[in-house]
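I opened a fresh page for this chain and wanted to keep a record of what I looked up, in the order in which I looked it up.

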Amino acid sequence: MSGVKRNRHVLNVKQKLEILQKLDNGGSASAAKGVLNEGNAISRSAALQTVGTLLDYMGQRGFDYGDITAVRKIGVDIRQEMNKQQKQRRITDFLKQ
């Protein structure tokens with residue numbers, strides 16, 4: 001990167017616990033995703049890490065296959081967006097030269 005600092009907001013412990021509690025209480029993955037969308041801007045890499053943590057947790061607790069699939073889809077969407085933005089940055093950097 002060109003020395004540009006980015007502000008990254010990651011989920012705090014309270015938010016992570018809220019997600020896990022929603023899942024533990026029988027909430028769906030989409031309900032847990034709502035916690036991520038409550039005005040909290042987080043980096044995509046932090047979101048991917050959170051998705052990975054949720055998948056591990058859901059696997060240990062024996063969650064429904066549909067919920068696990070929904071969380072995996074969220075991870076795929078995040079990766080696609082990261083790749084899209086990386087491609088745009090490369091094009092922009094190339095055009096600057």
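The entries below go from the whole chain to its helices, and then to single residues.

**Entry 1: the whole chain.** I noted before anything else that this is a predicted model. I then looked up the secondary structure and found four helices and zero strands in the protein chain, so that reading along the sequence gives the pattern α-α-α-α. I also looked up burial, and of the 97 residues of the protein chain, 26% count as buried. For the contacts between residues at least 6 apart in sequence, I wrote down that 64% join residues at least 24 apart.

**Entry 2: helix α3.** I turned to α3, which covers residues 44–61 and has 18 residues. From its first C-alpha to its last this helix reaches 25 Å, which is close to the 26 Å expected at 1.5 Å a residue. I listed its buried residues as Ala46, Ala47, Leu48, Thr50, Val51, Leu54, Tyr57 and Met58, and I asked myself what covers them. The cover includes α1 and α4. After α3 comes Gly62, and I noted that its phi is positive, near 70 degrees.

**Entry 3: helix α4.** I went on to α4, which runs over residues 65–96 and has 32 residues. Its reach from first C-alpha to last is 47 Å, close to the 46 Å expected at 1.5 Å a residue. At the start of this helix I found a side-chain oxygen of Asp64 that comes to within 3.0 Å of the backbone nitrogen of Gly66. The residues that I found buried in α4 are Asp67, Ile68, Val71, Ile74, Gly75 and Ile78.

**Entry 4: the nonpolar core.** I reminded myself that in soluble globular proteins, nonpolar side chains tend to be buried together. Here the largest nonpolar core has 13 residues, and those with the most contacts inside it are Leu23, Val51, Leu54, Met58, Phe63, Val71 and Ile78. I asked which helices each supply at least two residues of this core, and the answer is α1 (13–24), α3 and α4. The helix that gives the most to this core is α3, with six residues. I then followed Ile78 on its own and saw that, not counting residues up to four places away in sequence, Ile78 touches Arg44, Ala47, Leu48 and Val51.

**Entry 5: an aromatic pair.** I counted the aromatic pairs and the count came to one. The rings of Tyr57 and Phe63 have their centres 6.1 Å apart and their planes at 45 degrees, so I entered the pair as tilted. I also asked whether Tyr57 is buried or exposed; its relative accessibility is 13%, and therefore Tyr57 counts as buried. Phe63 counts as buried too, because its relative accessibility is 16%.

**Entry 6: a salt bridge.** I searched the whole structure for salt bridges and found one. It joins Asp77 with Lys73, and the closest N and O atoms are 2.6 Å apart. In general, side chains of opposite charge can pair when their charged atoms come close. Both Asp77 and Lys73 lie in helix α4, four residues apart, which is about one turn of the helix. I recalled that an α-helix has 3.6 residues a turn, so residues three or four places apart point the same way. Asp77 counts as partly exposed because its relative accessibility is 32%, and Lys73, at 47%, counts as partly exposed as well.

**Entry 7: Arg72 and Glu81.** I finished with two further residues of α4, Arg72 and Glu81. Arg72 is partly exposed, with a relative accessible area of 46%, and once its neighbours within four places in sequence are left aside, Arg72 is in contact with Leu55 and Tyr65. I also noted that Arg72 and Leu54 are 18 residues apart in sequence and 9.5 Å apart in space, C-alpha to C-alpha. Glu81 has a relative accessibility of 26% and so counts as partly exposed. How many residues apart in sequence are Glu81 and Arg44? I found that they are 37 residues apart in sequence and 8.4 Å apart in space, C-alpha to C-alpha.

Notes:
Residues are numbered from 1 along each chain as its sequence is written. This is a predicted model: local features need pLDDT of at least 70, side-chain atom pairs count only at pLDDT 80 or more; totals for chains, interfaces and linings use all residues. Side-chain values use heavy atoms; hydrogens and water are left out. Rings of Phe, Tyr and Trp (its six-membered ring) pair if their centres lie within 6.5 Å; planes under 30 degrees apart count as stacked, over 60 as edge-to-face and the rest as tilted. Buried means under 20% relative accessible area, exposed over 50%, partly exposed in between (1.4 Å probe, protein chains only). The expected span of a helix is 1.5 Å times one less than its number of residues. A polar contact is a pair of N or O atoms within 3.5 Å; within protein, one must be able to donate a hydrogen and the other to accept it, and residues adjacent in sequence count only if both atoms are side-chain atoms. A nonpolar core is a set of buried Ala, Val, Leu, Ile, Met, Phe, Trp, Tyr and Cys residues joined through side-chain atoms within 4.5 Å. Contact means heavy atoms within 4.5 Å. A salt bridge is a side-chain nitrogen of Lys or Arg within 4 Å of a carboxyl oxygen of Asp or Glu.
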